[in-house]
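Student: I would like to learn how to read a structure, one feature at a time. Could we start with how helices lie against each other?

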Amino acid sequence: MKEIDARGLACPAPVLHTKATLQEEKPAAVKVIVDNAASQQNVQRFLESQGFHTTLGQQGADYTVMGTCGPEVGEQAQTSVAPEADSKKIMVMCATDRMGFGDDELGLKLMVNFLRTLKEMGPDLWRLVFVNNGVKLTIDGSEVLEDLKAYEKAGLKILVCGTCLNHFKLLERKQVGETTNMLDIVTAAQLADKVISL
């Protein structure tokens, strides 16, 4: 069992450290220790994407992810980030819960209308990413929560920045999307044909 101590590392360092260890040492079992729930979820998702079976634990301020895998992990690590076979991929990144500047109430209405109208993009809408103040649109009480849940149910992948949720102390209130890290966001932007930022 390879133990990886990623406590004190800012996002996405725990995932990057785990990824490097898997590539260099190819362990069949790992134990990753982090110091917050968002990093725990990010490491868990990464390990599972590499073919590991995971279990989570917590002792005091430490969060752990235990991962075990068979010999096929090397093959899965090489194929896990293959681009999806879509003709066009548009990623929309929301870094705020309001659109534009000047009047906050109007800005919120505009953002709500924008998100509700995104369905008009059809299958070209490939990723919806929420960072900074935008993560507030994914929590309980959000005016667009049901719309976002409907998008997710229809197959749209929604990514929500874990560092941002932690900063605003909203991790437990998130109701839709995957808690993610900057590595996933950068990878999505790289694979997208077009990125729309708000």
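Student: What is the handedness of the crossing of α1 and α2?

Tutor: Keep in mind that this is a predicted model. In general, a crossing is right-handed if the near helix is turned clockwise from the far one by less than a right angle. Here α1 and α2 make a right-handed crossing. Their axes come within 9 Å and cross at roughly 30°.

Student: Which word describes how α1 and α2 lie to each other?

Tutor: Angles under 35 degrees count as roughly parallel. The two axes cross at roughly 30°, and α1 and α2 are therefore roughly parallel to each other.

Student: Which residues make the contact?

Tutor: From α1 come P14, V15, T18, K19 and L22, and from α2 come S39, N42, V43, F46 and L47. L47 is also in contact with V30, V32, F52, T54, V65 and G67, among others, leaving aside its neighbours within four places in sequence.

Student: Where else does L47 appear?

Tutor: In the largest nonpolar core, which has 51 residues. L47 is one of those with the most contacts inside that core, along with L115, L128, F130 and I158.

Student: Now the sheet. In what order do its four strands stand?

Tutor: Read a sheet from one side to the other, not along the sequence. The order here is β1-β2-β4-β3, in an open sheet with mixed pairing. β1 (2-5) and β3 (53-59) each have a single partner strand, so one side of each has no neighbour in the sheet. From one strand to the next, the twist averages 20°.

Student: How many bridges join β3 to β4?

Tutor: Seven, and the two strands run antiparallel, with β4 covering residues 62-68. Within this pair, H53 stands opposite T68 in β4.

Student: Which strands do the helices touch?

Tutor: Helix α1 (residues 13-25) packs on the sheet and touches β1 and β2 (29-34). The direction of α1 makes about 150° with that of β1. Helix α2 (residues 37-49) also packs on the sheet, touching β2, β3 and β4, and its direction makes about 5° with that of β4.

Student: One last residue. Is T180 buried or exposed?

Tutor: A residue counts as buried under 20% relative accessible area. T180 has 0%, so T180 is buried. Its place is in strand β8 (residues 178-180). Not counting residues up to four places away in sequence, T180 touches N42, R45, L159, V160, C161, G162 and I185. N42 is also among the α2 residues in the contact with α1.

Notes: Residues are numbered from 1 along each chain as its sequence is written. This is a predicted model: local features need pLDDT of at least 70, side-chain atom pairs count only at pLDDT 80 or more; totals for chains, interfaces and linings use all residues. Side-chain values use heavy atoms; hydrogens and water are left out. Two strands pair if DSSP finds at least two bridges between them. Axes are lines fitted to C-alpha atoms, for helices over the stretch in contact, and angles run from 0 to 180 degrees between N-to-C directions. Contact means heavy atoms within 4.5 Å. Buried means under 20% relative accessible area, exposed over 50%, partly exposed in between (1.4 Å probe, protein chains only). A nonpolar core is a set of buried Ala, Val, Leu, Ile, Met, Phe, Trp, Tyr and Cys residues joined through side-chain atoms within 4.5 Å. Angles under 35 degrees count as roughly parallel, over 145 as roughly antiparallel, 65 to 115 as roughly perpendicular and the rest as oblique.
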